[in-house]
Each structure stands twice: as structure tokens, then as C-alpha cells.
Amino acid sequence: MPESADLNALAKDICACQRCGLYKTATRAVPGEGNPHAQIMFIGEGPGFNEDQTGRPFYGAAGNFLTQLITSIGLKREDVYITNIVKHRPPGNRDPLPEEIEACKPWLDRQLEIIKPKVIVTLGRYSMARFFPGVTISRIHGQSQKCGEYTCFAMYHPAAALHQGSLRATIEADVLKLPKILEDIKKREQPTPVPIPAKPPPQEARQLNLFGF
Ligand code: URA
């Protein structure tokens, strides 16, 4: 499985990354995890406390909610790929800085190249800004849009539901749109069948028809 080997090699490089200062305060890097052939890739903001301790993305309270959302569309965490815009925890869970996001960009680019997901789900503002620049999440959440070769789908960050309970139902409703989006992409990707020309009638029959029978 070359994608899996490529992702493992990439994870090693990410763990040794010193492109920005975040590695100095983080316990470990959190490269991402999931199916190397995932059709859906979830991209969050950056590791928090639990992720920094375990090296696994979305592993705390927000992660539990993300797992529930994934289950609600009939999938398991192992079916999708989960990663973040920055791979080391910003100290005290502060927002990632533009230069940290920029420094980390090649890692996400490479993950996308290897996995080639059919749908990228952005979780929260920072991830959204990478694929939907200049928009607000309140306007575009729950909508998909073509971004180059990918279809991107913006969602509120699962942690938003933990801080603002009223967003929970919105997030739960948004994620339910994913199966149809995926199905539509697959339909569009199916080659259009070439019509098979009708078989001409046998020679004898054609001659008879010339005489009007
Ligand atoms: N929040 C994120 O954006 N990513 C994680 O991995 C955990 C919490």
C-alpha cells in the first residue's frame, strides 16, 4: 500500500519539523491519522492539550463530538482522514499565527497529494480560510464548493458546539449533507457510456425490404 508508506514517511518528517517555533513548546507533533485512501478528509485547526499528549488528532472533547458526527453518516474514524492546519500545538491553545500556518502548509499539501480525498471538510475558521478565502463561516457553513481539483465543505469547528450549545444542531445537520455530496461526485466521475450502434439486419432481410416486404 504505497499511500500508507508515503504517509508514514511524511509523518516522520512532520515529527522532526522545525519550520516554525511551535515545536519548541509542543510535547510532540500530531501529523494526522486515518485511511490512506479516505474519500473524506477532515481538517481542524491545531492540536490541543490531549492531542499534544497523545500525538493523535481530535482526541479530546471536540474529538468525541467529531467521532459522533462521523458515526452519524455511517462511517468510522478509520474510514476518513483527520488532520489539522498546524501540526504542533500552539501554546495555551492560542490561535495559530499566519506565519505558522504558512510554514505548515507543505505538510498538508503533501497529505492531500497522497490521499487525494474526494471531499475536504474544513472544521472552523482557520481551516476554512485556506480553502474559502475571504468568507465568513456563518455564511458558508454547510455548503460545498469546488477548490481546484477538490470539493470543499465548510463546517463549524466541533469545539464551537461545546462553547455555544446552539451550534450543535447546526453542525449535526451540516454533516448529514456529506453522503449526498460524495454520491454526486462519484456520479459525475463515472464515465459516460458510449452508445453501442444497433446491429444492422442480416443482408438477406435488408434485400427483402428493398422489394417492399
Ligand atoms: N481542535 C483541533 O482543531 N484539532 C484537534 O486535533 C483538536 C482540537
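A polar contact is a pair of N or O atoms within 3.5 Å; within protein, one of the two must be able to donate a hydrogen and the other to accept it, and residues adjacent in sequence count only if both atoms are side-chain atoms. The model is predicted, so that local features need pLDDT of at least 70 and side-chain atom pairs count only at pLDDT 80 or more, while totals for chains, interfaces and linings use all residues. Residues are numbered from 1 along each chain as its sequence is written, and side-chain values use heavy atoms, with hydrogens and water left out.

**Exercise 1. Describe the surroundings of the ligand and its polar contacts.**

Step 1. Take the residues near the ligand, that is, those with a heavy atom within 4 Å of it: they are Gly 44, Glu 45, Gly 46, Glu 51, Pro 57, Phe 58, Asn 84 and His 157.

Step 2. Turn to the backbone, where a polar atom of Glu 45 lies 2.7 Å from an oxygen atom of the ligand, and a polar atom of Gly 46 lies 3.0 Å from a ligand nitrogen.

Step 3. Add the side chain of Asn 84, in which an N or O atom is 2.7 Å from a nitrogen atom of the ligand. The ligand taken alone exposes 240 Å², and the protein buries 90% of that, with accessible areas from the Shrake-Rupley method and a 1.4 Å probe.

**Exercise 2. Characterise the two largest pockets by volume and lining.**

Step 1. Fix the terms: on a 1 Å grid over the protein atoms alone, a pocket is an open set of points with protein on both sides within 12 Å along at least five of seven lines, a cavity is a set where a 1.4 Å probe fits but cannot get out, and lining residues have an atom within 4 Å of a point. Grid points are joined across faces, edges and corners, and the volume is the space filled by probe spheres set on them.

Step 2. The largest pocket holds about 620 Å³ and is lined by 27 residues, with Glu 45, Ala 62, His 157, Ala 159 and His 163 nearest its centre. Helix H3 (49–54) and helix H8 (158–163) are the elements that give two or more residues to this lining, and H8 has the largest share, 4 residues; helices (H or I, at least four residues) and strands (E, at least two) are DSSP runs, numbered from the N terminus.

Step 3. The second largest pocket has a volume of about 160 Å³, and its lining includes Ser 4, Leu 7, Pro 31, Glu 33 and Tyr 81. Helix H1 (2–15) and strand S1 (33–34) each give two or more residues to that lining, with the largest share, 4 residues, coming from H1.

**Exercise 3. Which residues line the largest cavity, and which helix gives the most to it?**

Step 1. The structure holds 1 cavity of 30 Å³ or more, and the space in the largest cavity is about 70 Å³.

Step 2. Its lining consists of Ile 14, Cys 17, Arg 19, Cys 20, Leu 22, Val 86, Lys 87, His 88, Glu 100, Ala 103, Cys 104 and Trp 107, and helix H5 (residues 98–115) gives the most, with 4 residues.
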